[in-house]
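I am opening a notebook on a structure that is new to me, and I mean to write down what I looked up, one topic at a time.

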Amino acid sequence: MDPKILRCGIVALLALLAGCSKTENKQLTTTPVATLPLVKAQEQSRHFMAVSRQLELGGTVYGYVDVDGDAQKLSGNLQAGLKQIAKLQPQLQPIADKNLGEIFHTLGLDDIKAIGVSSVPEGDGFFRNRTFFYMPEGRHGLMEGLGGKAGPFVRLNLAPADTDFYAESELDLPVIYKTVKEVVAKVAGEPASNQLDTALKKASEQAAISLLDLVYGLKGHGAIVLRLDPQKNLELPVPPAGIAVPSFSLLIAVEGIGPVIEPLLKSPMIKMTQSGTQHVYESIRPLPLQGIQPVIVVDGANLYIATSRDFLTQCLTQKTGLAETPEFRTALAQVGTEGNGLVYIHPRFFARLRQIEGLNPEMPEEVRSTLHMVMANLPAPKQPLVTVRTNLPDGILMRSHWDRSLKQDIAMVAVYNPVTVGFLAAMAIPAFQKVRAAAQQKAVLNNLRQFAAAGDQFCLESGLSQAGYSNLVGPDKYIKQLTPVAGEDYRRLVYVSGKKLRVRLASGQVVEYQPQD
């Protein structure tokens with residue numbers, strides 16, 4: 001081939017490719033890109049970007065609230081309200097004098113610096129919901145009691161494939177108890193805080209178990225497994241005529257407290273058998289409930305409570321369970337496969353519960369109306385509902401795949417949040433106290449008026465100039481009974497013609513009545 005022709009062909013090909021490249025770049029640069037303008041840098045919340053990274057922007061719900069410092073403001077508002085109440089209720093003065101800001105900090109309520117929520121509809125009636133509590137400085141107090149680093153759900157292997165309800169959560173009760181003791185120390189002093197341990201030890205003597213060991217042992221994962229029978233029902237002996245509910249199998253598993261609970265199971269009414277490492281406890285007398293024969297098993301540090309030994313054995317020995325079912329795997333994929341808390345509810349659960357109304361046609365009308373209202377508000381999902389709570393290094397994220405968005409929850413929080421309730425209480429309680437005090441004073445004056453009238457009559461009939469309580473009040477006297485309404489004592493009253501009657505209330509207020517008025 002002629003070299004000139006080859007060079008000309010290569011140049012033409014490169015020119016063509018260059019033209020295509022320019023055309024493609026031109027198309028990309030002219031495609032509109034959705035942008036959301038933010039406020040000026042100096043006006044931005046310093047937590048917004050950190051929170052928004054955990055949310056989904058553009059759905060039916062997106063909310064962000066910066067609450068940095070609001071817990072301390074709330075404590076100040078509550079303390080001001082308590083001081084107002086203490087003027088009418090002096091016994092509350094010691095609490096009103098405490099630094100609520102320090103107590104809020106001890107509880108860990110000021111760990112949360114910002115909160116974000118989002119809901120995205122998927123077009124099939126379900127929503128991807130997220131709630132994020134931003135705690136960049138870490139968690140302490142009650143917040144630390146929600147567990148440590150997120151990980152796999154360690155109890156999921158207990159749930160059979162046909163489980164209708166499963167819940168697992170990590171809890172650190174020792175941390176919560178420590179927080180409670182610190183709060184008590186701030187409110188009532190160190191001796192009162194130390195008395196908590198003493199009280200638990202004293203209660204342990206009567207309970208036959210160490211309640212302190214129970215508190216300090218509850219650190220780890222607990223789980224609930226529930227399966228409703230699709231056909232069989234159970235008659236519960238509830239007065240007056242009993243009630244029919246779906247038959248069920250239940251398992252509760254708790255880590256860390258097996259050895260603590262075991263002494264409580266030593267009873268002549270309970271028999272113990274051993275199977276490998278398991279200590280199996282069962283009642284000698286069977287319950288009058290078909291299919292319900294409770295069993296308690298202590299296996300090392302683990303405690304299991306089940307409605308029957310067969311169900312417990314199935315949960316402990318199964319090879320493939322809920323975690324391997326396609327429905328569960330699909331649901332969990334929506335919210336994350338690791339966390340510190342999990343709730344899974346199959347549609348069968350709600351469908352079976354709705355049958356309770358039909359199972360009890362002879363139910364009293366007042367009970368039926370209440371039950372009907374409850375059943376009418378039960379969800380009717382076509383897919384499983386699932387929620388996962390995850391402890392992150394900078395906060396707590398809750399993700400759910402649910403049949404409703406977070407709109408209702410936000411509305412409820414807006415109305416019933418602690419700030420609103422605190423303000424309403426601060427305004428309403430003093431007003432209520434004033435109204436009650438006025439009503440009590442009026443009732444006391446009425447009692448004194450009766451006493452004075454009776455005294456007048458007694459002096460007129462006896463010719464004496466004064467009369468005591470025993471002369472005027474009694475079953476066969478002028479006044480059958482004088483009922484105190486504010487802690488006052490009428491038994492020391494003495495009527496003297498033309499003199500004022502005085503009585504002191506429990507609050508220290510003195511109420512006077514001039515007989516000639």
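**Strand pairing.** I began with strand 6, and I found that four bridges join it to strand 10 (residues 302–306), the two strands running antiparallel. I should keep in mind throughout that this is a predicted model. In the pairing with strand 10, I noted that Ala 253 stands opposite Tyr 304. I then looked up the pairing of strand 6 (residues 243–254) with strand 5 (residues 219–236), which is also antiparallel and extends over 11 bridges. Here Ala 253 of strand 6 has Ala 223 opposite, so I entered Ala 253 under both pairings, with Ala 223 in the one and Tyr 304 in the other.**Second largest pocket.** Strands 5 and 6 came up again when I turned to the second largest pocket, whose volume is about 430 Å³. Of the 21 residues that line this pocket, those closest to its centre are Leu 228, Asp 229, Lys 232, Ser 247 and Phe 248. Which elements give two or more residues to this lining? I wrote down strand 5, strand 6 and helix 12 (347–353), and I added that strand 5 gives the most, with seven residues. Sorted by kind, the lining residues of the second largest pocket are eight nonpolar, six polar and seven charged.

**The cavity.** I next recorded the search of the whole structure for cavities of 30 Å³ or more, which finds one. The largest cavity has a volume of about 40 Å³. Its lining is made up of Glu 56, Arg 128, Asn 129, Arg 130, Gln 334, Val 335, Arg 399, Ser 400 and His 401. At least two of the lining residues come from strand 3 (127–134), and at least two come from strand 13 (395–402). By kind, I have one nonpolar, four polar and four charged residues in the lining of the largest cavity.

**Two helices.** My last entry concerns helix 5 (residues 100–107) and helix 6 (residues 173–188), whose axes come within 9 Å and cross at roughly 170°. How are these two helices oriented to each other, roughly parallel or roughly antiparallel? Angles over 145 degrees count as roughly antiparallel, and helix 5 and helix 6 are therefore roughly antiparallel to each other. On the side of helix 5, I listed Glu 102, Ile 103, Thr 106 and Leu 107, which meet Thr 179, Glu 182, Val 183, Lys 186 and Val 187 in helix 6. The residues of this contact divide into four nonpolar, two polar and three charged.

Definitions and conventions. Residues are numbered from 1 along each chain as its sequence is written. This is a predicted model: local features need pLDDT of at least 70, side-chain atom pairs count only at pLDDT 80 or more; totals for chains, interfaces and linings use all residues. Side-chain values use heavy atoms; hydrogens and water are left out. On a 1 Å grid over the protein atoms alone, a cavity is a set of points where a 1.4 Å probe fits but cannot get out, and a pocket is an open set with protein on both sides within 12 Å along at least five of seven lines; lining residues have an atom within 4 Å of a point. Grid points are joined across faces, edges and corners, and a volume is the space filled by probe spheres set on the points. Ala, Val, Leu, Ile, Met, Phe, Trp, Tyr, Cys and Pro count as nonpolar, Asp, Glu, Lys and Arg as charged, and the others, Gly among them, as polar. Two strands pair if DSSP finds at least two bridges between them. Axes are lines fitted to C-alpha atoms, for helices over the stretch in contact, and angles run from 0 to 180 degrees between N-to-C directions. Angles under 35 degrees count as roughly parallel, over 145 as roughly antiparallel, 65 to 115 as roughly perpendicular and the rest as oblique. Contact means heavy atoms within 4.5 Å.
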